[in-house]
Amino acid sequence: MKAHDGMYIDGAWRPAAGRDTIPVVNPADEQIIAHVPAGTAEDVDAAVRAARAALPAWAATAPAERAARIAALRDVLVARKDEIAATITAELGAPLPFSQAVHAGAPVLVAGSYAELAASYAELAASYAFEEKVGNSTVYSEPVGVVGAITPWNYPLHQIVAKAAPALAAGCTVVLKPAEDTPLTAQLFAEAVHEAGVPAGVFNLVTGLGPVAGQVLAEHDGVDLVSFTGSTAVGKQIGATAGAAVKRVALELGGKSANVILPSADLAKAVAVGVANVMGNSGQTCSAWTRMLVHTSQYDEAVALAAEAAAKYGDRIGPLVNAKQHARVRGYIEKGVAEGARLVAGGPEAPCEQGYFVSPTVFADVTPEMTIAQEEIFGPVVSLIRYEDEDDALRIANGTVYGLAGAVWAGDEVEAVAFARRMDTGQVDINGGRFNPLAPFGGYKQSGVGRELGSHGLTEYLQTKSLQF
Ligand code: NAD
């Protein structure tokens with residue numbers, strides 16, 4: 001696989017300061033496909049300086065010009081969609097029997113969704129009121145400054161676009177430190193930024209290890225805002241560092257979302273969509289509805305439906321991203337069994353000799369206190385929990401430290417909305433509502449601070465100044 005051996009800093013690929021590299025592994029066959037440089041403090045410092053130097057001119061650029069660059073970026077992402085999809089498949093893994101679809105149909109949709117997101121920021125930057133009259137004041141929305149963006153591997157391009165596009169639209173400059181497992185997608189993104197004609201220094205990329213390059217970036221004095229997506233453990237550390245420096249911070253962290261099926265719902269549909277929601281991306285989705293809450297009267301039927309739905313996946317889901325996640329997820333499945341939950345599909349055994357695969361797994365008889373009902377597993381594992389009445393369902397749904405997403409199913413929307421409004425969570429899909437790239441996404445409680453996507457995502461990168469007349 002093609003890889004750059006340097007960092008994208010100040011508009012060009014420059015040699016890394018150190019010699020260490022990070023191997024990139026294809027999780028489907030465990031083969032090394034490339035190496036990328038492991039950034040040091042020196043690389044991060046050079047990137048932050050470039051971003052700082054580029055800030056005044058980019059911040060002063062008319063929003064329409066920034067919008068034009070983002071629109072050009074969208075066009076490059078569309079033109080290079082096949083390469084992007086093949087790269088994501090290689091470094092993140094892909095369902096083997098679906099390789100045909102992944103290499104043919106899916107990339108168009110996948111790249112299209114990223115392009116849609118970049119396009120929405122092009123429109124927002126062009127139409128957003130960066131200036132507002134309030135009584136005898138004029139309130140200006142100004143860019144926060146230099147953004148340190150730290151992203152995970154599970155949706156490698158989406159998570160970069162969700163930070164870089166609004167940051168650039170707002171007039172900020174960016175230094176990106178992507179996840180160790182998916183740096184090739186980040187390098188492709190840097191190439192796309194370059195091709196789109198974004199001025200030198202406005203976007204910079206440093207690949208490297210989290211506790212080295214990531215930490216230096218989060219702590220750097222020249223960074224005004226740290227935007228992080230990843231685990232709650234690292235998020236807490238970054239929040240503390242940012243707090244001590246009185247630096248802005250946006251955190252998109254873990255989740256343990258509830259899929260609440262009310263008795264009036266279409267049970268078969270709710271269970272089928274619920275299982276599919278968890279199995280997608282091999283369960284490596286922070287907003288996945290990993291706890292399925294079912295009324296006691298329908299519980300046995302839901303268990304049978306969920307087991308059947310999971311079994312249908314067979315070996316069609318892709319591997320987990322790396323050996324560590326593979327061991328971690330299998331450990332959670334073993335813990336579920338040890339704590340008394342009943343396996344009705346899948347299990348901890350590896351289904352293949354090669355690759356980091358885990359079978360689609362369904363647990364019944366899960367109680368709200370069990371580890372598998374409380375902690376983020378980040379694998380293809382669904383837990384079915386029984387509830388007695390609506391208040392019981394709400395208590396269970398809200399009974400974790402997380403609050404990122406969720407789902408409610410009911411015979412009528414009014415009933416579902418009434419329940420959703422009582423949930424302590426940032427986003428709820430009603431009767432299988434579709435993904436909306438302009439709807440704010442982010443967590444209540446320990447799922448995070450701040451919002452991404454749409455105009456709410458844009459405002460994270462702006463600060464206000466008021467002039468009185
Ligand atoms: P992580 O939090 O360790 O990594 C996310 C990003 O942070 C990566 O770019 C990493 O290099 C960087 N990082 C790591 N340590 C850092 C530090 N000390 N300072 C600055 N940056 C640092 O997550 P992970 O190890 O890739 O995954 C572990 C768990 O995190 C998963 O099992 C899952 O529960 C959760 N996760 C959540 C999301 C999400 O979207 N919310 C995404 C990926 C992982």
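**Exercise 1. Find which element gives the largest share of the shell around the ligand.**

Solution. The largest share comes from α8, with four residues. Helices here are DSSP runs (H or I, at least four residues), numbered from the N terminus. This is a predicted model: local features need pLDDT of at least 70, side-chain atom pairs count only at pLDDT 80 or more, and totals for chains, interfaces and linings use all residues. Residues are numbered from 1 along each chain as its sequence is written, and side-chain values use heavy atoms, with hydrogens and water left out.

**Exercise 2. State which residues come nearest to the ligand, and give the shell by class.**

Solution. Start with the nearest: Trp 153, Lys 177, Ser 231, Arg 328 and Glu 376, out of 29 residues around the ligand. A residue counts as near if one of its heavy atoms lies within 4 Å. Next, sort by class: twelve nonpolar, twelve polar and five charged residues. Gly counts as polar in this scheme.

**Exercise 3. List polar contacts of the ligand (pairs of N or O atoms within 3.5 Å).**

Solution. Take the side chain of Glu 376: one of its N or O atoms is 2.6 Å from a ligand oxygen. Then take the backbone. A polar backbone atom of Gly 210 is 3.3 Å from a ligand oxygen. For Gln 215, a polar backbone atom is 3.5 Å from a ligand nitrogen.

**Exercise 4. Explain why the ligand lies between domain 1 and domain 2.**

Solution. Domain 1 (6-253 + 447-468) gives residues to the shell, and so does domain 2 (258-437); therefore the ligand lies between them. The bounds come from an automatic or database domain assignment.

Conventions. Polar contact = N/O pair within 3.5 Å; in protein donor to acceptor, adjacent residues only side chain to side chain. Helix = DSSP H or I, 4+ residues; strand = E, 2+ residues; numbered from the N terminus.
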